[in-house]
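Okay, thanks for coming, everyone. I'll put the thing on the screen and then talk you through how the pieces fit together.

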Protein chains: 4
Amino acid sequence: MNAAPVKSVTGADYYGRLQEARVAPLWRIPGTTDPEPGVAEVPHVWRWRGLEPLLHQATEVMDLGVDEADRRALNAHNPSRVFGTTHTLVAGYQLVLPGENAPAHRHSPGAIRFMLAGAGYTTVEGEPVLMEPGDLVLTPANTWHDHRHPGDEPMIWLDGLDVPFVKQMRANFYEDHPSGGLQELDKPEGYSLERYGAGLTPTADRPAHPHSPIMNYKWGTTYAALKKLAESGTDPHNGVKLEYTNPLTGGHVLPTMACYLSLLPEPTKAQRHVSSGVFCVARGSGHSIVGGERLDWDEKDFFAVPAWTWYEHVPDPDTEVVLFEMSDLPLLEPFGLQRKEKRA
Amino acid sequence: MNAAPVKSVTGADYYGRLQEARVAPLWRIPGTTDPEPGVAEVPHVWRWRGLEPLLHQATEVMDLGVDEADRRALNAHNPSRVFGTTHTLVAGYQLVLPGENAPAHRHSPGAIRFMLAGAGYTTVEGEPVLMEPGDLVLTPANTWHDHRHPGDEPMIWLDGLDVPFVKQMRANFYEDHPSGGLQELDKPEGYSLERYGAGLTPTADRPAHPHSPIMNYKWGTTYAALKKLAESGTDPHNGVKLEYTNPLTGGHVLPTMACYLSLLPEPTKAQRHVSSGVFCVARGSGHSIVGGERLDWDEKDFFAVPAWTWYEHVPDPDTEVVLFEMSDLPLLEPFGLQRKEKRA
Amino acid sequence: MNAAPVKSVTGADYYGRLQEARVAPLWRIPGTTDPEPGVAEVPHVWRWRGLEPLLHQATEVMDLGVDEADRRALNAHNPSRVFGTTHTLVAGYQLVLPGENAPAHRHSPGAIRFMLAGAGYTTVEGEPVLMEPGDLVLTPANTWHDHRHPGDEPMIWLDGLDVPFVKQMRANFYEDHPSGGLQELDKPEGYSLERYGAGLTPTADRPAHPHSPIMNYKWGTTYAALKKLAESGTDPHNGVKLEYTNPLTGGHVLPTMACYLSLLPEPTKAQRHVSSGVFCVARGSGHSIVGGERLDWDEKDFFAVPAWTWYEHVPDPDTEVVLFEMSDLPLLEPFGLQRKEKRA
Amino acid sequence: MNAAPVKSVTGADYYGRLQEARVAPLWRIPGTTDPEPGVAEVPHVWRWRGLEPLLHQATEVMDLGVDEADRRALNAHNPSRVFGTTHTLVAGYQLVLPGENAPAHRHSPGAIRFMLAGAGYTTVEGEPVLMEPGDLVLTPANTWHDHRHPGDEPMIWLDGLDVPFVKQMRANFYEDHPSGGLQELDKPEGYSLERYGAGLTPTADRPAHPHSPIMNYKWGTTYAALKKLAESGTDPHNGVKLEYTNPLTGGHVLPTMACYLSLLPEPTKAQRHVSSGVFCVARGSGHSIVGGERLDWDEKDFFAVPAWTWYEHVPDPDTEVVLFEMSDLPLLEPFGLQRKEKRA
């Protein structure tokens, strides 16, 4: 029998030295061999009923367009986080009052807007884009955009941005418009939709940017397509589901974010996937079971489905439910990181 | 000074032996060092006025659906060729009378139809596709298709196929439908247009085929888009020009053929390119100068612009001219074979 | 019972009028409903034994570099054709004597060279490329290239070009080098192979062209890889088969042509496909059954396998057979036109 | 003059309510309008001299293959972080003693190994991959891999993984091999390199995975290519630089990580970019100025260059410096998030 080798170091001493040397022993790093991702984010629903008043009160504490207050937006943060509705996406309500303008800026994070109440304009790269309830409006990464409200009712929409991801990637850049206020309009209203919205492409000036050239997907068109699609059947896990599509590639509307609209003729079966998302209730009421928790929702509410979390939707009886969804799936696809599981 | 070497063979004798050996001396093959392509095909216009009566007389000499006579089509052949309107494309008029059916078949060549008169149906893979004047209808390679005419006026359209190319590539396959007649309808009317025609994509069952999933690009939509686009200016060589687009890729409608619609607010400047095409007059009248030759045209006429041939279009004064165009550009792009020249 | 309708035209008269109108009745065009392609090209083998002397005699009837005689090449034409070894490809032997130069030119057809005898140089875009037996050398479309022979034995190689295809597409352009003779050398020998030949890519100056950046695939490397691959088994239809690959895309060496090297440990089972090809015997002897015809072959012979023609290879007993192959498969892939059948 | 409107809420009260409602006012979120990314990570160098002894002492406190201790690896964590050498990548030294084995597992993070000392084997998907100093070995995402050491000197390499990114994306999955120990060898040594390492691709069984099929880029080949490339000049910001390349795509070796080797004939000019990286000194000595801080380095040291941080390298005089680099550039490219700046 051999004598035990003489040790040159005790454990405590050794691990202290590693710490000083800015290295960690892999065999003591927690979670290294966990079979599945640990997801800190939790399911949560934000209710319109409670938040709409807070949004209006914001007009009392901040003036739009003054100092840093370029946007009157309430960002929903996951209860487990200081920032971010999920680990990659941030959603929230934004309000512009009649007569107000939100000055032009641009930034490397991309954004989508799902219109909830009132009507007004977002300007994107010189094109005035009309926003009406149910419309999806894009303000993609690095495009100049401002918001203008010539109407007479408050306009409120759901914002969706990839800021948590872009910041995490140390890739966030921001710039105010040189004008200090609004940008010039150099395109007619309806410009992008008329050029790209009908399976046709102008042969001149094909855009080189990585996002959809359509800045406004109108509710009327989208909803009609959804109803028609419903005639061809429904998917047990996703209902009747359309993706808003970049017509220049057939892919997602933004390189970082996918948007969908779903009609739910019946409760969906449970599924989970690595991609995370935020659902906004475009029409109807019901509840979802997310990570074992029941989230009740009505029109204009939105809720977070964190990564790798089981979820299913249950529309209220005799109610037409339409859900808008933003997803970070495009962040996973290039790397083969998406996984999915479905319950039968 | 050296004596000339003794030759073992005379030229005549030598070249005869090469011929027997099935080899040709490169240095005697004509055209090897020609700086530019020799194009045999010539400009030509086919006039509706003269051909429509011949199309109707065809009903006297052939019965649709009997024997090999599955289609009542007159194929325009370039005056320099036995077959083919250009070296890659064949165009022509096709007529179906009220009450007639053209039985279902499929083939490796792909086809497009630009509707000229009457109204009826083409069935594509189980979907009944309504055809009305100005519509572009696709029957892509290897799709089952038939034509049905429940209406009461003769329906006539312009056919466009890639048969000369596909035959030249020894890749033409043809199959009659097992039913011997029409295929079954298993999709509702408007199916493909409603699913893919508005910047939206169903998330289930994304097609894997290489052609556009839209089977019918409606005249109303296309023409309206063209008029709108006209407000943003015109290109001196191409006027106001839209490409019918595959919304799943942003590319051409068929892997072998591109289709365009152009509005010509003024005469275009001359251009030439390796791609060849056939233009059909959707609206208006005028003339084109093609390869130095004047081709006059009226509504429903069509004309061939051969490869590498200078051309320019001249609309008649005070006339709105809209040209439909099929082009073989997609056959050149994968190989970097397209070249273009434009006159200032 | 109805009386037969009065006909306004007789058949003969009618068809005559169609002919004048430059239209053909589809129902009388032969082959329209043929189930499979009609292939005019026939199997044929060109034997080195018979052609090598003819190649040498060519030096008696033409001087390289004089007049139009820029290349001393014998182009193998299919017995069914005036030009073209298959309908898309042309192959042939080319000879350069010691001390001779073939002046620089460039053209839109692309070319490959499979070296058979002697050693010398091809210059491609300023890079001198050493050619030794078994090497594959590329002179892609639109690259300046010349041939130089500083050695002391005649150099002979197999040419392979896509000229029949490019001419058929009316896309052939040709240009002599402005120098009138050779181009300047501005890169060292081995330049392209060292930069791209080992799974590595220089980060600066990534080429934008559509062909492989490697100009010379050396026999030693290729043959060694083939022998190694043989240890992992063989495919019953293709033996042990490698494709020469564009390391910037993982695809074919030229956009129009694919090149392969196969080791045949045993007779292959029969197959056919729409793509056509030319095989050259790099090593060994045997025969192939092509379209029912037996083609015997020895080293340096080459033979045509036309489109959609059954073929199988039978190596002679106790002989190592290596076949080089050029194929027009890349011309079919972008359009989904390839089809394959294999016998079990 | 109007009286000030009566406020329904005080600021303090209001912001408290927002907090309860899990929303944050965008106008008070710090950094929202920062023009450039705030990067928490700092420059740092890990010195071989100090860490090698710690690595050997690790053999005293942990036994390889016992319990969770599957790998004897010291993970370098950025001084600003608990985990991660940069915000996306983790690097570190790993040691296997003669006779030891590190059991097989697989995980969704991908890994690369740059070999520093000794020689041994990594098995990847059944292929034994020889590791010798200077070799780059891949163990891509979701591939079974183990390490074996039949030699007689300790083997040490630099690990590089995308774990911080994959965990941040909630996409980390881990699995021990069913055998509980090593996997079976079912491919010969040199298998992947011989199949894909020379510009050739076997026509059978083309891999569908998104990573390079070459598992071992040998130092001899890479270094020779680098020296050759040096003859063609140097880039003022990057020296002579090669990317290890996926021969099936021409792209990065892993979908999440790029690897490079650079020769530095002279000091480089300063640059910064959003992508972050870790450099390891393959040969020579010198220092880098990173974020204004001087980092001295010798052979086998490695150092972190955080995102958007200026850096330049200064080789010691009369020393050949070769740097290996791993970069997270592939994580930015799909989203258009990379930006670069260079000093002249």
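So, start where helix 2 of chain B meets helix 1 of chain C: Leu54(B), Leu55(B), Gln57(B), Ala58(B) and Val61(B) on one side touch Gly11(C), Tyr14(C), Tyr15(C), Arg17(C) and Leu18(C) on the other. By contact I mean heavy atoms within 4.5 Å. Helices here are DSSP runs of H or I with at least four residues, strands are runs of E with at least two, and both are numbered from the N terminus. The residues in this helix contact split into 7 nonpolar, 2 polar and 1 charged. For that split, Ala, Val, Leu, Ile, Met, Phe, Trp, Tyr, Cys and Pro are nonpolar, Asp, Glu, Lys and Arg are charged, and the others, Gly among them, are polar.

Before I go on, this is a predicted model: local features need pLDDT of at least 70, side-chain atom pairs need 80 or more, and totals for chains, interfaces and linings use all residues. Residues are numbered from 1 along each chain as its sequence is written, chains are lettered from A and ligands numbered from 1 in the order written, and side-chain values use heavy atoms, leaving out hydrogens and water.

Back to those helices. Residues 48-61 of chain B and residues 11-20 of chain C pack at about 150°, with axes 11 Å apart. Axes are lines fitted to C-alpha atoms, for helices over the stretch in contact, and angles run from 0 to 180 degrees between N-to-C directions. The two are therefore roughly antiparallel, a label for angles over 145 degrees; under 35 is roughly parallel, 65 to 115 roughly perpendicular, and the rest oblique. The crossing is left-handed, meaning that the near helix is turned anticlockwise from the far one by less than a right angle, with clockwise being right-handed.

Next, a sheet that uses both of those chains. What is its strand order? It's an open sheet of 7 strands, 1(B)-3(C)-4(C)-11(C)-6(C)-9(C)-14(C), with antiparallel pairing. Pairing needs at least two DSSP bridges between two strands. Strand 1 (23-25) of chain B and strand 14 (216-217) of chain C are the edges, each with a single partner strand, so one side of each has no neighbour in the sheet. Strand 14 of chain C is joined to strand 9 of chain C by 2 bridges, and Val137(C) sits opposite Asn216(C) there. Helix 2 of chain C packs on this sheet, touching strand 1 of chain B plus strands 3, 4, 6 and 11 of chain C, at about 50° to strand 4 of chain C.

Chain B also has an open sheet of 5 strands, ordered 8-7-10-5-12, again antiparallel. Its edge strands are strand 8 (127-131) and strand 12 (174-176), and neighbouring strands are turned by 25° on average, direction ignored. Strands 7 and 8 of chain B share 5 bridges, with Gly120(B) opposite Met131(B).

Last bit: symmetry. A 180° rotation with 0.0 Å of shift lays chain A on chain D, RMSD 0.0 Å, by least squares on C-alpha atoms of residues with pLDDT of at least 70 in both copies. That's the relation of a two-fold axis, and Pro334(A) has the chain A C-alpha nearest to it, at 3.4 Å. Chain B goes onto chain C with a 180° turn, 0.0 Å shift and RMSD 0.0 Å. And 100% of chain B's interface residues are also interface residues in chain C, so those copies meet through the same surface.

And which chains don't touch? Chains A and C have no contact, their closest C-alpha atoms being 17 Å apart, and chains B and D have none either, also at 17 Å.
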